[in-house]
Amino acid sequence: MVQETRVKTKKHKRKLRKWPKVVGTLLLIMIISVVGYVYSIYGHAKETVDKKMSKNIESIDTSEVKEKLDSNELLNILLLGVDERAEDGGRSDSIMVLSLNPKQEKTTIVSIPRDTLAKIAGKGIETKINHAYAYGGVDMSVATVENLLDIDLDYYVELNMEGLADLIDAIGGVTVNNELEWVDEGFYKPGYHWKEGEIKLDGAKALGYVRMRHLDPQGDFGRTERQRKVIHAIIDKGKSMGTVTKLNDVIDVLGDNLQTNMSFNDMKSLLLGYMDVTKNIESYMLQGENATIKGVYYYEIPDEELDKVHNMLLGIDTTDTASVTGGKNEDAE
């Protein structure tokens, strides 16, 4: 009986000794799988960014930008949403400047209405600021915005608005707080009822949400406010761990629809050194007055407003940096 007990005890000990090996093997397999997945994403992202997305322009000196990036200084990024529908003639449909301020742990998003009266860099004429893209693409848009706001732009990001839908689908949709009730004219689906309150947007809905303007009592002001909400929602969703598993899909969408002067290494540096800027995100839109010049509608920005926004984007404290929406914009073409 004693001998039988000893045999059972030995067998039990052998089984106990096996468990650490089994657990260790499983952990090793998991670690290798995770590392392999991360490496595959890393390689895919690097190839996509450097071969398909990255494109330098003459109006931005990349060597100066790299010094600022390495020193974790404030960076300003021009975001151009280009709607390639035929009736828009290739003009930038959305113009925003994102100020990344690591010292203040803040991102400021400033919208520039597309009808803003501005001197077009390199053309010597004053017209709507979104015409700069039609005249000279991203290069002329960058130079024109720099002149208007008296700032240096460090990066540009040009996004095809149709690609915005694919991006939102790739991250599983976004949620925004809709403050206006309306019945869709056809930007999403004719007759679709947009309700007030929190709404979930897939890609197609998001495009309908940001494109509508005629039923908004604030015209283009209301539209740009909705654009900022969607950008804000994308940033928030991008910080979620649940988005990690969708990175390859996101990379593919961006590769097909986005151009930027950022290299893959620049993006890595931004991710590692500027993550805290997403702690506080503030939105603002240039405030001005409606004007008609020779029968054409423009939006005129007074000098004091340009000075105010200049200070905001340079991280200089102002008394009013809250999100502001102005009066009705006639949104004439």
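I'm calling a residue exposed when its relative accessible area is over 50%, and buried when it is under 20%. Note to self: this is a predicted model.

**Entry 1, Asp152.** I looked up Asp152 and got 55% relative accessibility, so it goes down as exposed. I found Asp152 in the loop between helix H3 (131–149) and strand E6 (155–160).

**Entry 2, the negative patch.** Asp152 also turned up in a patch of negative charge on the surface, and its partners there include Asp150, Glu126, Asp61 and Glu289. Which elements give two or more residues to this patch? I noted helix H2 (62–70) and helix H9 (303–313). H9 gives the most, with 3 residues.

**Entry 3, aromatics.** I then went through the rings and have 7 aromatic pairs written down for the structure. I checked Trp182 and Trp194: the ring centres are 5.0 Å apart and the planes sit at 15°, so I logged the pair as stacked. Trp182 is in strand E8 (residues 182–183) and Trp194 in strand E9 (residues 193–194), so this pair ties together parts 12 residues apart in sequence. Are these two buried or exposed? Trp182 is buried at 4% relative accessibility, and Trp194 is buried too, at 2%.

**Entry 4, the tyrosines.** Tyr188 and Tyr192 make an edge-to-face pair, with 5.0 Å centre to centre and 90° between the planes. I have Tyr188 as buried at 18% relative accessibility, while Tyr192 is partly exposed at 28%.

**Entry 5, putting the rings together.** I traced one aromatic cluster made of Trp182, Tyr188, Tyr192, Trp194 and Tyr209.

Note on methods
Residues numbered from 1 in each chain as written. Predicted model: local features only at pLDDT ≥ 70, side-chain atom pairs only at ≥ 80, totals over all residues. Heavy atoms only, no water. Patch = residues over 30% accessible without salt bridge, like charges linked within 9 Å, V, L, I, M, F, W, Y side chains within 5 Å. Areas by Shrake-Rupley, 256 points an atom, 1.4 Å probe, with all protein chains shown as cover. Salt bridge = Lys/Arg side-chain N within 4 Å of Asp/Glu carboxyl O. Lys, Arg positive; Asp, Glu negative; His and termini not counted. Charge placed at Lys NZ, Arg CZ, Asp CG, Glu CD. Helix = DSSP H or I, 4+ residues; strand = E, 2+ residues; numbered from the N terminus. Buried < 20%, exposed > 50% of the residue type's maximum accessible area, 1.4 Å probe, protein only. Phe/Tyr/Trp six-rings, centres within 6.5 Å; stacked < 30°, edge-to-face > 60°.
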